[in-house]
Every structure is written in structure tokens, then in C-alpha cells.
Amino acid sequence: TQILTETHQTSMAEVTADLYRQLEGYWGESINRSSDGSTLDSAQEVSASSLGLNERLDDFFNAMSELAANPSESALKEVVVQQSQALVDQINDMASNLSQFSGNIDQQIDNELSDANAILAQIAELNIDIAQVEMRTSVGAAVDLRDARQEKVEELSKLMDIEVTTIADSFGQIQITAKNAANADVTLVNLGNVADSFSFDGTNINFGTTAMGLTGG
């Protein structure tokens, strides 16, 4: 249980950090260091990227301030026009990048849900295989199959927060549940049966027609 909990929490932290790194690039903000110091404090020179929105805003307002002080200067008017256009171009580029970023995330969700559906089917099949072996021998005898199923369960836990329960008198079969949007349990796999499949409607992750409340993975 602890392994599964740490797995979905770690996966969520990793994907969140990766998304923030991508957003930094789209936003045009980064840290430039002139040394190879292992920490920010050890860097000899640190400066914000000149391509970021902050720099464009600073340039725009500085140009406006200078023009306000000398409103008759035609050269300053031209600078304001140039800085205005640069700011508009920066914002439009950001909007385009963020739209593409959103689309990429949607596609990633679809891909990972397809993986989740495949894993659920594999776990259900392994449930059946384990039961067939242990009905003929003894409970706990299908070690290799149990290990293979545990591997699949851990793969699933990287994608979402799940709970696993061993079903009594089932020759080693398990049930897997997850929480829906109302924080109620939804059965994903029970014995050799997969209850439904995951899908994404652009807003919600659904299992069948049930909106899920996944908070990890």
C-alpha cells in the first residue's frame, strides 16, 4: 500500500515539475547563469531572460514614462510604437504557445488513459491465471504470476491513485478501485472483469459515464 501511495504521489510531482518547466519556456522566463555553480547562490552572475514578458512590459512602460516627460519628442513616440508592437507580439506568441501546450496535454491524457485501459485488461487476465493455478495447487503458489500482476498494478499507480484489495476465497484475485468526483469508490477491476474503460472529454476523466476524481499519478 505504501509503495502504491508513494508511486502515484511521486509520478504526480514529476509530471507537475515537467509541465512547469515547459511553461517557463512558453512564458519566456528563465534564469541565465555565467558559471557552472551547483546552486543558484554559487552563480557569479544571475539575470532574467531578456525574452520574457516582464522585460517586454518594463520596456513598454519605460518608453511610456519617457514620452510622458517629453510628449513632443517624435523619436520617443516612435520608441513607444516599437515597444507596443514588441509587447503585442510577445503576448500573441505566448497565446499561441499556450494553446499548443494545452492541446499537447490533452493528447498526453488520451495516450495515458489508453495505457491505463490496457493495464486494467492485463490485470484482470492475470487474476484469472492466478486463480486457475492456485485452485489446482495452493494459495500463493503462482509466484511469477503474482509478481507480474504487481508490476502491472504499480504501472497503473503511476497513472492514477488506486486502492487494491485482495478478495477473500478467490484464490488470490484482487479488486482495484479509484475515487470518483464525489469521492466515492468506483470499481475498476473485480476478479477477471474490467468494469468499464477510461476516456477524456476535454474537461473530465471518465470511467464509463462516471466522472473521476483522480488526484495522483
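## Packing of α1 and α3

In this predicted model, helix α1 crosses α3 with right-handed geometry. The two axes lie 9 Å apart and make an angle of about 155°. That angle is over 145°, the cut-off for this class, and α1 and α3 are therefore roughly antiparallel to each other.

On the α1 side, the residues in contact are Val15, Leu19, Gln22, Leu23, Tyr26 and Trp27. Their counterparts in α3 are Gln90, Met94, Asn97, Leu98, Phe101, Asn104, Ile105 and Gln108. By class, this contact consists of nine nonpolar and five polar residues, with no charged residue.

## Helix α1 and its packing against α4

Helix α1 covers residues 2–27, 26 residues in total. The distance from its first C-alpha to its last is 37 Å, close to the 38 Å expected at 1.5 Å a residue. Leu4, Thr7, His8 and Ser11 of this helix are buried. The elements against which the buried residues of α1 pack are α4 (143–159) and β3 (163–166).

With α4, helix α1 forms another right-handed crossing. Here the angle is about 35° and the axes are 7 Å apart. Ile3, Leu4, Thr7, His8 and Ser11 supply the α1 side of the contact, while α4 contributes Gln150, Val153, Glu154, Ser157 and Lys158. The class count for this pair is three nonpolar, five polar and two charged residues. Leu4, Thr7, His8 and Ser11 thus appear both among the contacts to α4 and as buried positions of α1.

## Packing of α3 and α4

Helix α3 spans residues 74–136, and its axis comes within 9 Å of that of α4. The crossing angle is roughly 160°, a value over the 145° cut-off, and α3 and α4 are therefore roughly antiparallel to each other. The handedness of this crossing is left-handed. Twelve nonpolar, two polar and eight charged residues make up the contact of α3 with α4.

## Valine 139 and valine 143

Valine 139 sits in the loop that links α3 and α4. Its relative accessible area is 59%, over the 50% cut-off, so valine 139 is exposed. Leaving aside residues up to four places away in sequence, valine 139 touches Glu134, Arg146 and Phe171. The C-alpha of valine 139 is 6.5 Å from that of glycine 172, although 33 residues separate the two along the chain.

Valine 143 belongs to helix α4. With a relative accessible area of 45%, valine 143 falls between the 20% and 50% cut-offs and is therefore partly exposed. Valine 133 lies ten residues away from valine 143 in sequence, and their C-alpha atoms are 10.0 Å apart in space.

## The chain as a whole

The protein chain contains four helices and nine strands. In sequence order, these elements give the pattern α-β-β-α-α-α-β-β-β-β-β-β-β. Of the 217 residues in the chain, 26% are buried. Among contacts between residues at least 6 apart in sequence, 52% join residues at least 24 apart.

Conventions:
Residues are numbered from 1 along each chain as its sequence is written. This is a predicted model: local features need pLDDT of at least 70, side-chain atom pairs count only at pLDDT 80 or more; totals for chains, interfaces and linings use all residues. Side-chain values use heavy atoms; hydrogens and water are left out. Helices (H or I, at least four residues) and strands (E, at least two) are DSSP runs, numbered from the N terminus. The expected span of a helix is 1.5 Å times one less than its number of residues. Buried means under 20% relative accessible area, exposed over 50%, partly exposed in between (1.4 Å probe, protein chains only). Contact means heavy atoms within 4.5 Å. Axes are lines fitted to C-alpha atoms, for helices over the stretch in contact, and angles run from 0 to 180 degrees between N-to-C directions. Angles under 35 degrees count as roughly parallel, over 145 as roughly antiparallel, 65 to 115 as roughly perpendicular and the rest as oblique. A crossing is left-handed if the near helix is turned anticlockwise from the far one by less than a right angle, and right-handed if clockwise. Ala, Val, Leu, Ile, Met, Phe, Trp, Tyr, Cys and Pro count as nonpolar, Asp, Glu, Lys and Arg as charged, and the others, Gly among them, as polar.
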